[in-house]
Amino acid sequence: MVATTLPMRADLSVDYDAYAEHVRRLIDAGCDGVVPNGSLGEYQTLTAEERAKVVETAVEAAGDGARVMPGVAAYGSAESRRWTEQAAEPGPGSVLLLPPNAYRADAAAVRAHYAEVAKAGLPIVAYNNPIDTKVDLTPALLAELHGAGDIVAVKEFSGDVRRAYEIAELAPGLDLLIGADDVLLELALAGAVGWIAGYPNALPEASVALYRAAVTQDLATALPLYKALHSLLRWDSKTEFVQAIKLSMDIAGLPGGPVRAPRAPLTPAIEAAVRAATEKALAEGLS
């Protein structure tokens with residue numbers, strides 16, 4: 001499932017036609033689906049109307065609501081529930097939900113948050129990103145949320161691959177999804193059953209080949225690909241990940257484009273590093 005970037009025109013308005021074409025291109029390249037309105041989709045900068053239309057566009061372009069997992073993060077639990085109810089109208093298969101992140105929520109607040117949004121009736125994938133949210137969905141807390149019936153899976157972005165084994169022990173029915181591109185192989189070998197991915201936006205075919213090899217534990221195929229792509233995959237875990245992935249898309253001839261403030265253009269040094277890694281991958285036939 002690709003956490004999609006969102007094409008912007010020069011005036012920073014959303015280019016929905018380009019977005020629809022991008023979704024179709026990802027599906028045609030072998031990706032299983034898309035995750036609109038995540039951080040890569042710059043959801044924090046969208047108006048309510050834009051955010052709703054992005055989901056509608058994704059579902060229509062994907063051709064099957066089950067292929068779409070809208071992000072429904074918001075500062076308040078009631079707002080996240082409203083976004084989930086709104087997302088349900090076009091018919092997506094699930095939603096992706098961060099914990100409360102307006103403050104450092106404790107376990108009780110996290111449980112209440114997921115319970116409230118679960119009332120909307122769509123399957124919820126929890127998103128554990130303690131680096132940015134300062135709220136850690138530990139394996140024990142995930143087991144509680146799963147046991148309560150409030151989540152069906154977790155996008156694990158902590159970078160700690162050891163957690164895969166503890167999650168499997170405490171919540172064996174909870175699906176583990178790779179949340180950071182640069183630990184894809186490690187989490188796949190640890191039993192992850194999916195990948196909410198960033199860099200397939202720019203290199204979809206190579207990313208699909210890497211993922212399929214990783215989850216089937218075909219190391220002869222996966223390891224060389226992983227090594228070849230890792231200098232790019234690690235940008236998914238850096239502050240400038242949106243700009244970096246959009247730059248790689250531009251270089252690959254895909255609809256990357258500008259970002260909205262407060263994100264700023266890449267510094268010359270970072271742009272040069274991303275450009276060099278992308279051009280190297282393309283020269284090696286990875287796309």
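This is a short tour of a predicted model, with stops at a buried glutamate, some salt bridges and a pocket.

**Stop 1: Glu156**

Start by selecting Glu156, which sits in strand β5 (residues 153-156). Is its side chain paired in a salt bridge, or left without one? Glu156 is buried yet has no salt bridge. Its nearest side chain of opposite charge belongs to Arg163, 4.4 Å away; that pair misses out because a salt bridge needs the nitrogen and oxygen within 4 Å. Now show Ser158 as well: the side chains of Glu156 and Ser158 make a polar contact at 2.3 Å. To see the wider surroundings, add residues that lie beyond four places in sequence and are in contact with Glu156, including Asn128, Ile167, Leu176, Leu177, Ile178 and Leu187.

**Stop 2: Arg163 and Asp136**

Keep Arg163 on screen, since Glu156 is in contact with this residue too. Which residue does Arg163 meet in a salt bridge? Select Asp136: the two side chains come to 2.6 Å, N to O. This pair links distant parts of the chain, with Arg163 in helix α7 (residues 163-170) and Asp136 in the loop between α5 and α6 (139-147), 27 residues apart. Arg163 counts as buried because its relative accessibility is 15%, under the 20% cut-off. Asp136, at 30%, counts as partly exposed.

**Stop 3: Arg212 and Asp32**

Next, select Arg212 and Asp32, which form a salt bridge with the closest N and O atoms 3.0 Å apart. Here the partners are 180 residues apart: Arg212 is in helix α9 (residues 204-215), while Asp32 is in the loop between α1 (16-28) and β2 (34-35). Arg212 is partly exposed, with a relative accessible area of 33%, and Asp32 is also partly exposed, at 39%.

**Stop 4: a charged network**

Select Arg81, Glu85, Glu116 and Lys119 together, and you have a network of salt bridges. Zoom in on Glu116 and Lys119, whose closest N and O atoms are 3.1 Å apart. Glu116 is partly exposed at 22% relative accessibility, whereas Lys119 is exposed at 54%. The model has 13 salt bridges in total.

**Stop 5: the largest pocket**

Finish at the largest pocket, which holds about 860 Å³ of space. To find its centre, select Ser39, Tyr43, Gln44, Leu98 and Asp132, the closest to that point of the 38 lining residues. Then colour α5 (130-133) and α11 (241-251), the elements that give two or more residues to the lining. The largest share, three residues, comes from α5.

Key: Residues numbered from 1 in each chain as written. Predicted model: local features only at pLDDT ≥ 70, side-chain atom pairs only at ≥ 80, totals over all residues. Heavy atoms only, no water. Helix = DSSP H or I, 4+ residues; strand = E, 2+ residues; numbered from the N terminus. Buried < 20%, exposed > 50% of the residue type's maximum accessible area, 1.4 Å probe, protein only. Lys, Arg positive; Asp, Glu negative; His and termini not counted. Polar contact = N/O pair within 3.5 Å; in protein donor to acceptor, adjacent residues only side chain to side chain. Contact = heavy atoms within 4.5 Å. 1 Å grid on protein atoms, 1.4 Å probe; cavity = no way out; pocket = protein on both sides within 12 Å on 5 of 7 lines; lining within 4 Å. Points joined across faces, edges and corners; volume = space filled by probe spheres on them.
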